[in-house]
Each structure stands twice: as structure tokens, then as C-alpha cells.
Amino acid sequence: MDSAIAPYLFYLFSFVVVVSGLLVVTLRDIFHCALFLILCLFSVAGIYVLLGADFIAAVQVLLYVGAIAVLMIFAIMLTAKVSGIGIKQQNEQVPIAIITTVAFVAIALYGLGKTIWNIKTDVAIPDNTTMAIGKLLMTTYVVPFEIVSVVLLAALIGAIVIARRN
Amino acid sequence: MPDLRPMLPELFLFAWAIVVLLFGISRKERSGDSLIYLTLVGLVITGILVPIAGYGNLFGGTFVVDKFAAFFQIVFLLAAFFAVASSHELMKKLSADRGEFFALILLSTTGMMLLASTLELITLYVSLELTTIPLFVLAAYRKDQLGSSEAGLKYLILGAVSSAILLYGISLVYGLTGTTFLQPAMSRLIEQSVPMLLASGNVNMALVMAIVMMVAGFGFKLALVPFHMWAPDVYEGAPTPITSFLSVASKGAGVVAIARVFYTALPAFHDVHWGTLVAVLAAAAMIVGNITAVLQSNIKRMLAFSSIAHAGYVMVGFVALPQGSIVPPYGPASLLFYMMAYLFANMGAFACVIAFEKNYGSYQIKDYQGLSKNSPGLAIIMTLFLLSLAGIPPLAGFMAKYYVFLAGWQQFPWLVIVGLLTSVIALFYYANIIMQMYFSRGETSLTKAHYDRPLILTLILTAVGTVAVGIYPEPILRFATEAVKVFPF
């Protein structure tokens, strides 16, 4: 990545993430919300590319943008009652939520800005991260990798139990 | 190929969950009795495997079984055992999905056992998800009851939010140290924070944020005040055996996770960063939990608030790190002891609630009046558990509170005073039920209670545990003191 334009691209992607994220939780048409969620997830993939995390970026696009978002849109289209009808996403707690969010962002910006981060600049980012990630998942992190498959099994059983009609 | 023997209990329990699942699918019998016994056998075998499998460190710290892990694994297995044995009545009310019910309990227990035995943050997080995802489903298991669906949904949403907060905290720790392993993280955090403090007088703000977010994330799991809002509704709506499992095992999972992370990676920051913070939360939990419990008329809600208060007492032991001269029993050991005492008394109390519900179909405290005349056995055993929860000698709850307060007195005398005062309030609402059962003058319409066999087993074992741990606490206390020696303080 050309380092001259990288910061501008980062701000562009971040801006899109924040704006589309806000639209997801404020728009009244749930279908539009889903579309902006796709945009939001896409921009996050862009940030991953800027960070040199090519594998994570590809996974982000394939899984989140591809599978999960499409599944959501399917669910909306197949649920006759919700698509096209405006749904109020806010309740009386909006002012408290805004105050909390602003306070959290302010504290986070102040705190993280003041911290001296342990950044290493002499480490070369590998051209291809897929192999490194695959190696780690099969060696150091093999235990969490295997547990995730059990988590998926548990979620699958749970989803069937909840969804099944007696 | 590493020697996988220390992992045997978890692998066996997971395999047994699949066996129970398949057995449940293949048989459509009415009562679900054989499923209960099959699940109980699996839990007992796993319990026997824990000492046989022994201790060990696999995969460079992502899977570590030490005495601390083994202690909590036994706590989780006992809680699952009692919850499963109390499920007979629930099985009669379910029309389907009986095998899945027990399989999900076993999967959740597997998650807790893995959670107890890791020194690495990603494994910790994934195990925590394996613990909670089955619990969301189990809380919503009574599809014919709106309250149960509400409980499942509330638990799911707040569980997801708390996981997100926890992950944020974990990611900050990774950002500061460049490692997800807890032991190297400690030395790197010290290396980094001390020069900052000396040079510019600045505290490591990112570390403070990470600590606050991890305390909040684990606080949700523990139902500490102010992260307790979900607990009363979920406890009330969930099927009662699941409520008992939540109140002990899910809380225990929160305790084991926060203890692993904070004792392994952050003991050096106890004085400056997290000691007082957790102490204040513990005080809030004891005050809010106990005072709100007095106002409840539903016994499940009352026990929910009482469990919030008990989370506060547990945290008194948690913050009392030894300083200088170590005089056992000190804080971390008292934390382990408290969990064991709380396990027996709380599982027993919920088993009594299930027995009462089975016979008289009510959760209202006022309906307990006159119970001693018609079911003296149930009344006396319920009294035993309530007195233990209240902390009356010579029962287990008294020894647990005594050790926790003794450990806390050195560093946080004000916290111990809050604990003692709120214990008096607690006595009031526990004694209220005993008064209702024994000294009520009103006419009672209660008939003699009937029990099913697994429930009797639960009542007897929890009662024996409550009395035995209270009268002869030394073996458990000695093991707990040994167990916490794995931590660097």
C-alpha cells in the first residue's frame, strides 16, 4: 500500500464505518438498515486491507458481507410483516444512551491518546498472512480453534430447539 | 503429539453430551428418567476422571490444569449434577427436546471446565461463549411460557453486550502487551507502566480502561451491581433447575475467569488500579442485593437478589490479596471456599423450591405458610439451606463468610463492616420464610409433599454437603490454600 494515501483512505473508511453504523441503528426501514450494515462491514474490510491483514479482509467480505448479511436480507424478505414497514428503533432511553456514548468516546480518546503504545516499526509485515494464520491456528491456538467448533455445535442445537415447532 | 491426558475429563464430557443427544433422539419415552440417569452417570465419571487425569500444561498455556482449575471443575460438575437431578419435574412438562436439554447442560459444563483451565485470553473468551450460549437456550426452554422466552431473550442480549465489553478490554491488553498469554502479559504490563508512572506521573490510561472493561464484562456474568439488571427477570423466567444452574455454575464461571485474569496478569496493579474499584462494586452488590431481596414476594426473585448479594461476598474474598505476612486463610483461598459452601446451600435451596413447586404449584413466599405441619421434612431441610445462606453456625455458609471477612479485614475493614451489616438484613428475609413455614397461624391447605427419586438425591447430597463443609472445613480449606499457590503473589 502506498503510504502517502494510506492515512486518507483510513479516514475515508472510518468515516463510512461510523456514518453507516449510525444509520443502521437509526433508520426506520429494516431493509435499509441491512443494506447499510453491508456497507459498514465492507468498510471495515477496507481498514483490514490497509493494515496488511489480507486474510482477515477476505474473511470479512466472504463471511460477514457475503454470508451473514445475505442471510439477514433473506430473513427480512421472508418475514412478511417487517419489510417495508417503518419500525421505531428508539425508546425513551435515547438521551441517556447519547450521553453514555459521548462520554465513553471522550474518555477513550483521551485515555488511548495519552498512552504510550509499544509499537514496533522494524517488524516486516508478511506479504501473505494466510499461511502464518493457518500455522498459528494449528499449533499455538489449536485449543480455541477446536473449542469454536464445539461452540458452533452448541449454537446449532440451540437454534434448532428454539425454532422447532412442537 | 502431546500427552492429552489432562484434557481427558473435558473430552469425555463433550463425547457424553453427544451420546445423551443421540440417546434422546432415539427414544421417545414419557418421563425422561433414563436420560436423567444417563446424564448423571456421565457427570460422575467426569468427576472421577478429574483426579485421574492429573495436572499438566498443554499447548504452551492454552490448556493448563492445576489445583485451581481442578477445584472449580469439581464445583461446576457438582452444580450440573444437582441441576440435572432436579429436572425430573421439568421433563414431565416438556413435550419434546429432552435429550437436547441435557446435552446443552453438558456442553455448557464443558465450557466452564475449559474456562477454568486456561492461561490464554482467546481460549478464555471462546470457553466463556461455550458456557453461555447453551444457557441462553436453556433459559428459554419453556416455549409454552412467555416468561421463559423473555428470560432467554434478555439473557442473550445482555450476554452479547457484556461479551463485547469484555472483548474490548481483552483487545486493549493485547494492544499493550502484544500477547494473549496471561503470564508474559504481566511482566510486559509492569515493564511498560512503571516507567510511565515514574517519568511523567501518568498512569497507564489504556490499562485502566482495559481493567474497567474487563471488570464490567465479568461483572455481568457474576451479576455484580450495577451489572445485575438481567438477573432477577432471567432467574424468575427460566425453568427452575436452570435458574439453580445459572445462580451457581454461571456465577462460578465468572469468578474463575476474573480470578485467572486478574490474579495471573494483574496482581501488581491491585493497589493502584483495581482493588478499590472491585471493593466498591462488592459493597454495592451486598447492599443492593440484600435490601432488594427483602421486598420480594416471589421466592425465585428473592433468591436472585440473594445471589447478587452473595456475588458481593465472594468479591470481598477476591479483592483481599495477601500483603506481606501471609496468614492463611487469605482472600483467594476464601473465595474458593465460599464458592463450595454457596454451591451446596444454593443448589439445595433451589431443589426445595422445585419440590414445593412440584407439589403446590407456587413460587409465592406467602404460600409457604404452614409447610412444617404437612411436610415437616421439606420444611426442615429448607430451613437448613436458608440458615446456611444467612451464615448461621455451624453450617457451611457461616465458615465461608467468616473466612471471607477475616481475609478482607486487613485491607478493606470498611468493606467487612458493610458485609456484616448487610448480613443482618439478609437474616431478616431468610428468617421470614422460616417464620412462614413454622410459626404461621393461618390455616393451610397444603397436603403432604411427594418427591421423585433424583430430587431426593439432590436434597440429601446438598444437605450433607452444607453440614459437612460447615463442621469439618479443613480439607477443603487446605486444598483451596494449596490451589491458589499457582498465582504469583
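Analyst: Buried means under 20% relative accessible area, exposed means over 50%, and partly exposed is anything in between. With that in hand, we can go through this predicted model together.

User: Happy to! Why is Glu236(B) called partly exposed?

Analyst: Glu236(B) has a relative accessible area of 32%. That value falls between the 20% and 50% cut-offs, so the label is partly exposed.

User: What makes Arg301(B) and Glu236(B) a salt bridge?

Analyst: The rule asks for a side-chain nitrogen of Lys or Arg within 4 Å of a carboxyl oxygen of Asp or Glu. Here the N to O distance is 2.6 Å, so the pair qualifies. Arg301(B) sits in helix α13 (residues 299–319) of chain B and Glu236(B) in helix α10 (residues 230–237) of chain B, so the bridge ties together parts that lie 65 residues apart in sequence. There is also a wider network, joined through shared salt-bridge partners: Glu150(B), Lys154(B), Asp233(B), Glu236(B) and Arg301(B).

User: How do you know that Lys92(B) and Glu89(B) are about one turn of helix apart?

Analyst: Both residues belong to helix α4 of chain B, and they are 3 residues apart. Their closest N and O atoms are 3.7 Å apart, which is within the 4 Å limit, so this pair is a salt bridge too.

User: Are those two partners buried, partly exposed or exposed?

Analyst: The two get separate labels. Lys92(B) has 41% relative accessibility, so it is partly exposed. Glu89(B) has 12%, which is under 20%, so it is buried.

User: Let's turn to the contact between the chains. How many salt bridges are there between chain B and chain A?

Analyst: The count between chain B and chain A is 2, while over all chains the rule gives 15. Arg164(A) takes part in a salt bridge with Glu100(B), where the closest N and O atoms are 3.3 Å apart. Arg164(A) also meets Asp97(B) in a salt bridge, with 2.0 Å from N to O. This second pair runs from the segment after α6 (142–163) of chain A to the loop between α4 (88–93) and α5 (98–116) of chain B.

User: What makes Asp97(B) buried and Arg164(A) partly exposed?

Analyst: Asp97(B) has 7% relative accessibility, which is under 20%, so it is buried. Arg164(A) has 36%, between the two cut-offs, so it is partly exposed.

User: How much area do chain B and chain A bury between them?

Analyst: They bury about 3000 Å² between them, with 78% of it on carbon and sulfur atoms. On the chain B side, Lys143(B), Met205(B) and Met209(B) lose the most area to chain A, together 17% of what that side buries. In residues, the contact takes 40 from chain B and 30 from chain A.

User: And within chain A, how do you know that domain 1 and domain 2 touch?

Analyst: Chain A is divided into domain 1 (6–123) and domain 2 (126–166). The contact takes 5 residues from each of these domains. Their C-alpha centres lie 23 Å apart. The two domains bury about 340 Å² between them, 58% of it on carbon and sulfur atoms. On the domain 1 side, Gly52(A), Asp54(A) and Phe55(A) lose the most area to domain 2, together 90% of what that side buries. The rule finds 0 salt bridges across this interface.

User: Which residues does Thr129(A) touch, and why is Thr129(A) called buried?

Analyst: Leaving out residues up to four places away in sequence, Thr129(A) touches Gly52(A), Ala53(A), Asp54(A) and Phe55(A). Thr129(A) belongs to helix α5 (residues 129–138) of chain A. Its relative accessible area is 11%, under the 20% limit, so the label is buried.

User: One more: what makes Leu62(A) exposed, and which patch is it part of?

Analyst: Leu62(A), in helix α3 (residues 54–78) of chain A, has a relative accessible area of 64%. That is over 50%, so it is exposed. Leu62(A) joins Leu63(A), Tyr64(A), Ile68(A) and Met72(A) in a nonpolar surface patch of about 490 Å². For comparison, Ile160(A) in helix α6 of chain A has 46%, so it is partly exposed.

Key: Residues numbered from 1 in each chain as written. Chains lettered and ligands numbered in written order. Predicted model: local features only at pLDDT ≥ 70, side-chain atom pairs only at ≥ 80, totals over all residues. Heavy atoms only, no water. Patch = residues over 30% accessible without salt bridge, like charges linked within 9 Å, V, L, I, M, F, W, Y side chains within 5 Å. Areas by Shrake-Rupley, 256 points an atom, 1.4 Å probe, with all protein chains shown as cover. Helix = DSSP H or I, 4+ residues; strand = E, 2+ residues; numbered from the N terminus. Buried < 20%, exposed > 50% of the residue type's maximum accessible area, 1.4 Å probe, protein only. Domains from an automatic or database assignment. Contact = heavy atoms within 4.5 Å. Buried area = accessible area lost by both parts, 1.4 Å probe.
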